[in-house]
Structures are given as C-alpha cells and as structure tokens.
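Here are some notes to read with the model open beside you. I have put them as numbered points, so you can take them one at a time.

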Amino acid sequence: MLAYIEGQILIKQPPQVVVVTHGVGYEIDMPMNAFFQLGDVGSAAKLFLHHVVREDAQSLFGFMSLSDRDLFREVIKVNGIGPRLALAMLSAMDAGGLVSAIAHADVDALVKIPGIGKKTAERIVIDLRDKLAANDKLQGLPTLTDEPVASGPSEAQDAISALLSLGYKQKQAEQSVKAAQQAGYVNSEDLIRGALKSLSS
C-alpha cells in the first residue's frame with residue numbers, strides 16, 4: 001500500500017493534485033483545507049497517503065499531516081461513510097473543527113456537509129466521540145482562519161466545479177461562490193475557501 005509520497009506538483013485541479021516522482025505521476029484527491037496548503041505547480045509536495053483498492057479502481061487520498069490522515073481513517077470506519085464523503089467532511093471543516101464538532105455533538109454543524117443527514121451525523125458522533133477523545137494525536141488540532149486574498153479574475157467556474165465534485169448541489173455551489181466573490185475572494189482556491197466558509201456558517 002502507498003503511504004507517503006515526495007515529488008513535484010505537475011497539475012493542481014481542486015480537489016485533485018498530480019504529484020510526479022521518479023517519472024510517474026500520481027493522481028491524489030485531497031481535502032480542500034490541505035489542498036490550500038500546497039505550493040504552486042512545479043513546487044515540491046510531501047503528502048501522507050491513504051490508498052483505496054477496489055475491483056474497478058484504485059484511489060489515493062493525500063494529507064499534509066499524519067493526524068489529518070488518522071482522522072480520515074477514523075471517519076471512514078463509520079458505517080455509511082466512504083472515502084469521498086470523508087473527503088467532503090474534511091473539506092467543509094478543517095480537522096480541528098471537525099474533531100470539535102464531534103466532541104461537542106454539534107449535529108447542526110455536521111448536517112451542513114453535503115451527504116450528511118441528521119441520522120448520519122448522530123451516528124458519527126456516537127461512533128467517534130469517545131475514539132477521538134482517547135486519541136492524543138487528534139486533540140488540540142488547530143482550526144484555520146482565512147482572510148480574503150485578491151488575485152486573478154475569471155476563476156469562479158473552477159471553484160464551482162470543485163464544490164460540485166465535493167458533493168454540493170449546483171445552486172449551493174453557485175450561490176456560495178458568488179458570496180465569496182462579494183467578500184473579496186478572486187482566484188479559484190480563495191473562492192473555494194470562501195465558499196466553504198459560507199456553506200458551513
């Protein structure tokens with residue numbers, strides 16, 4: 001199983017990055033909060049991986065830290081939560097925010113994540129609250145605060161596409177990206193960041 005990769009960023013298309021190492025490019029899906037921490041195309045990347053092997057496909061999920069990967073692995077153990085939904089959860093909230101929501105049984109925050117209904121949110125809390133509390137590596141994770149950063153225009157559609165790939169509806173994606181634009185976000189990564197903040201508020 002692939003567990004870690006160091007290489008050069010070849011393509012960034014949220015929420016996916018292609019990292020090249022030893023002449024081979026690996027497509028890696030990432031939570032948006034981790035994706036935002038990547039450098040530009042051509043820069044180096046060091047990612048911890050979760051490798052999913054199925055009969056019809058193999059998928060790689062990348063994380064900036066072992067604690068984020070550990071949280072992802074705990075989340076996918078919950079009945080009904082697959083890797084794609086876990087990716088959406090860690091995109092809608094940073095790791096610290098997700099751990100806090102589960103620890104405080106904040107069902108209202110969890111149901112704002114696409115694909116998470118009330119029953120699923122309650123099951124997540126029941127299944128994970130004690131496990132996460134007992135995991136020292138997942139305690140005290142920081143939550144992220146973001147300020148708008150102006151950059152090049154005309155990237156709203158890329159941001160909308162990224163939100164659609166995370167499970168949000170077309171209308172939700174369009175409205176949240178518009179709200180992010182009004183808040184001063186401009187380039188695609190910043191628009192996604194602002195849109196996710198809008199969707200989780």
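1. Let's begin with a charge and a ring. R193 sits over the face of F36, and its distance from the ring centre is 4.2 Å. Please keep in mind from here on that this is a predicted model.

2. How far can you trust the coordinates? Over the protein chain the mean pLDDT is 86, and 90% of the residues reach 70 or more. One stretch deserves caution: across residues 143-153 the pLDDT stays under 50. For that stretch the model has 22 contacts beyond four places in sequence. Where pLDDT is low, the predicted coordinates should not be read in detail, so I would leave the particulars of those contacts alone.

3. Now to the aromatic rings. How many aromatic pairs does the count come to? The count is three. A pair of this kind is described by the distance of the ring centres and the angle of the planes. For F61 and F72 the centres are 5.4 Å apart and the planes stand at 35°, so this pair is tilted. F61 belongs to strand 5 (residues 58-63) and F72 to helix 2 (residues 66-75), so the pair ties together parts that are eleven residues apart in sequence. Are F61 and F72 buried or exposed? Both are buried.

4. F72 has another ring partner in F63. The centres of F63 and F72 lie 4.9 Å apart with the planes at 50°, so this pair is tilted as well. F63 is buried, like F72. Taken together, ring pairs link F61, F63 and F72 into a cluster, which is a good place to centre your view.

5. Next come the strands, starting from strand 1 (residues 4-13). Strand 1 pairs with strand 4 (residues 44-53) in the antiparallel sense, over five bridges. To find the register, look for G7, whose bridge partner in strand 4 is A45, and for I5, whose partner there is L47.

6. Strand 1 also runs antiparallel to strand 2 (residues 16-21), and five bridges join them. The connection is a hairpin through two residues. Which residues of strand 2 are the bridge partners of K12 and I11? K12 is partnered by V17, and I11 by V18.

7. Strand 2 goes on to pair with strand 3 (residues 24-29), again in the antiparallel sense, with six bridges. Here V19 stands opposite Y26 of strand 3. The hairpin of strand 2 and strand 3 has two residues between the strands, and in this hairpin H22 takes a positive phi near 50°.

8. Strand 4, the partner of strand 1, is joined to strand 5 by six bridges, and the two run antiparallel. H51 stands opposite L60 in strand 5. Between strand 4 and strand 5 there is a hairpin through four residues. Strand 5 is also where F61 of the ring cluster lies.

9. Helix 7 (residues 156-165) is worth a slow turn on the screen. Which of its residues are buried? They are A156, A159, I160, A162 and L163. These residues cover an arc of only 160° around the axis, which puts them on the same side of helix 7. As background, an α-helix has 3.6 residues a turn, so residues three or four places apart point the same way. Helix 8 (170-182) and helix 9 (188-200) are among what covers the buried residues of helix 7. Just after helix 7, G167 takes a positive phi of about 105°.

10. Last, a look at S200, which has its place in helix 9. Is S200 buried or exposed? The answer falls in between: S200 is partly exposed, with a relative accessible area of 34%. Leaving aside neighbours within four places in sequence, S200 is in contact with A92 and K112. If you compare S200 with G96, the two are 104 residues apart in sequence, while the C-alpha to C-alpha distance is 14 Å.

Terms used
Residues are numbered from 1 along each chain as its sequence is written. This is a predicted model: local features need pLDDT of at least 70, side-chain atom pairs count only at pLDDT 80 or more; totals for chains, interfaces and linings use all residues. Side-chain values use heavy atoms; hydrogens and water are left out. Rings of Phe, Tyr and Trp (its six-membered ring) pair if their centres lie within 6.5 Å; planes under 30 degrees apart count as stacked, over 60 as edge-to-face and the rest as tilted. Buried means under 20% relative accessible area, exposed over 50%, partly exposed in between (1.4 Å probe, protein chains only). A charge sits over a ring if NZ of Lys or CZ of Arg is within 6 Å of the ring centre and within 35 degrees of the ring normal. pLDDT is the predictor's confidence in each residue, from 0 to 100. Contact means heavy atoms within 4.5 Å. Two strands pair if DSSP finds at least two bridges between them. The arc is that of the directions from the helix axis to the C-beta atoms.
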